[in-house]
Amino acid sequence: MNRTPHVAVVGATGAVGIEMIQTLEKRRFPVGKLTLLASARSAGKKLKFQGADMPVGELKKDSFRGIDIALFSAGGSISKEFAPLAAQAGCVVIDNSSAFRMDDAVPLVIPEINAGDVKKHQGIIANPNCTTAVTLMALYPLHQAFGVRRIFASSYQAVSGTGAKAIEELERQVGEVVHGKPVTKEVYPHQIAFNVLPHVDSFLPGGYTKEEMKMENEGRKIMHQPAFRASVTCVRVPVYRAHSVAVSAEFERPVTVEAAREVLKKAPGLDVVDNPEAKEYPLPLHIAGRDNCAVGRLRKDCAMDNGLCFWVVGDQLLKGAALNAVQIAELLLK
Ligand SMILES: NC(=O)c1ccc[n+]([C@@H]2O[C@H](COP(=O)([O-])OP(=O)(O)OC[C@H]3O[C@@H](n4cnc5c(N)ncnc54)[C@H](OP(=O)(O)O)[C@@H]3O)[C@@H](O)[C@H]2O)c1
């Protein structure tokens, strides 16, 4: 791999794309050249990188000639069509969509957990689902110490997880409600302002949503733990940024709050914020814009043997998307 790679951001104008550009800059990734790509609608727009105005180009089949690393965040159908073309052109794709995550030939990587899997790539590496990534940042260190069997979890997912249009929808609906106007809906099937929606992604025949099943399927692959089970309810909440997840986890071995806290304190990319007496626990408002996830509300699960409850919060645009992707790109240069 070129030590100062030519990097492309596909979906550069989107909620994740913008964060990718900023994360490359913030982490001083040694970008030799940067190419920004989006749809024809955005061609000619300018986005800032290292103080310069960079033009956005239209994504085309021949966009990947000479590019070393392409960070994709333009949705699953774009990834399915263009990621194989990019890989054929000799570029390593780090893909944020769900298109290739469960493909056996594609590593699915959280660098703090399974960095070694990056080496097995054949041109495409997948970034995990954002809620799964945030949950595993706390669950995996506990798994290493106590051996996880299964979890029951509910997510509280920010609207920016749906993309730039959903951020506008929450803003617009708050204004409409406050000014007594009829509420307009474009992105979500129901009003999201002053409401919560127990519906993220599409429903599967068993009644879970696709988003809910990603925790078990992707969790198994990332933790190399094929027996891991997860029953999850994913909920969209009127929060702009950062996902929260309430988890009850059952382990093979007995777990105490003190032992769990010691494990979590040492976990990379994770802060322990757990002082309920002082009203201190992780909040999406505090975590938004931060690289580290945070865990708190640690307690023995009163309904399960060897069970522990915790509350984990992470900026899904960063650890759930842009930051994780740039960390994978950093591994490619090692
Ligand atoms: N948001 C999150 O927290 C998050 C987390 C993890 C993974 N992801 C995944 O990342 C991807 C992008 O999510 P997002 O939230 O950033 O969505 P978004 O804000 O809606 O942005 C979508 C991006 O894709 C581009 N795009 C759309 N159609 C295109 C086309 N035909 N050709 C080229 N580019 C096209 C858009 O360009 P224009 O501006 O030109 O339309 C825009 O840059 C999705 O696969 C999503 O599942 C998102």
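**Around the ligand and through the helices**

Of the 26 residues that surround the ligand, Thr13, Ser39, Arg41, Ser42 and Ala164 come nearest. Please keep in mind as we go that this is a predicted model. Sorted by class, the shell around the ligand holds eleven nonpolar residues, 14 polar ones and one charged residue.

Let's look at some individual contacts. Two of them involve the protein backbone: a polar backbone atom of glycine 11 sits 3.1 Å from an oxygen atom of the ligand, and a polar backbone atom of valine 16 is 2.9 Å from an oxygen atom of the ligand. Glutamine 316 takes part through its side chain, where a polar atom lies 3.3 Å from a ligand oxygen. How much of the ligand does the protein bury? Taken alone, the ligand exposes 890 Å², and the protein buries 78% of that area. Two elements give two or more residues each to the shell around the ligand, namely α1, spanning residues 15-26, and α9, spanning residues 318-333.

These two helices are a good place to step from the ligand to the packing of the fold. The axes of α1 and α9 are 9 Å apart, and the helices pack at an angle of about 45°. Angles from 35 to 65 degrees fall between the roughly parallel and roughly perpendicular ranges, so α1 is oblique to α9. Their crossing is right-handed. If you have the ligand in view, α1 and α9 are thus worth following twice: both contribute to its shell, and both pack with each other.

Now turn to helix α4, which covers residues 130-146. Two of its partners are helix α7, made of residues 257-265, and helix α6, made of residues 210-223. Take α7 to begin with: its axis and that of α4 come within 9 Å and cross at roughly 120°. With that angle, α4 is oblique to α7. As for handedness, α4 passes α7 in a right-handed crossing.

What about α6, and at what angle do its axis and that of α4 cross? The two axes come within 10 Å, crossing at roughly 45°. That makes α4 oblique to α6, and here α4 passes its partner in a right-handed crossing.

To retrace the route, you can start at the ligand, with Thr13 and Ser39 among the residues that come nearest, move along α1 and α9 with their right-handed crossing, and finish at α4, where the axes of α4 and α7 cross at roughly 120° and those of α4 and α6 at roughly 45°.

How values were computed
Residues are numbered from 1 along each chain as its sequence is written. This is a predicted model: local features need pLDDT of at least 70, side-chain atom pairs count only at pLDDT 80 or more; totals for chains, interfaces and linings use all residues. Side-chain values use heavy atoms; hydrogens and water are left out. A residue is near a molecule or strand if one of its heavy atoms lies within 4 Å of it. A polar contact is a pair of N or O atoms within 3.5 Å; within protein, one must be able to donate a hydrogen and the other to accept it, and residues adjacent in sequence count only if both atoms are side-chain atoms. Accessible areas come from the Shrake-Rupley method with a 1.4 Å probe; for residues, only the protein chains shown count as cover. Helices (H or I, at least four residues) and strands (E, at least two) are DSSP runs, numbered from the N terminus. Ala, Val, Leu, Ile, Met, Phe, Trp, Tyr, Cys and Pro count as nonpolar, Asp, Glu, Lys and Arg as charged, and the others, Gly among them, as polar. Axes are lines fitted to C-alpha atoms, for helices over the stretch in contact, and angles run from 0 to 180 degrees between N-to-C directions. Angles under 35 degrees count as roughly parallel, over 145 as roughly antiparallel, 65 to 115 as roughly perpendicular and the rest as oblique. A crossing is left-handed if the near helix is turned anticlockwise from the far one by less than a right angle, and right-handed if clockwise.
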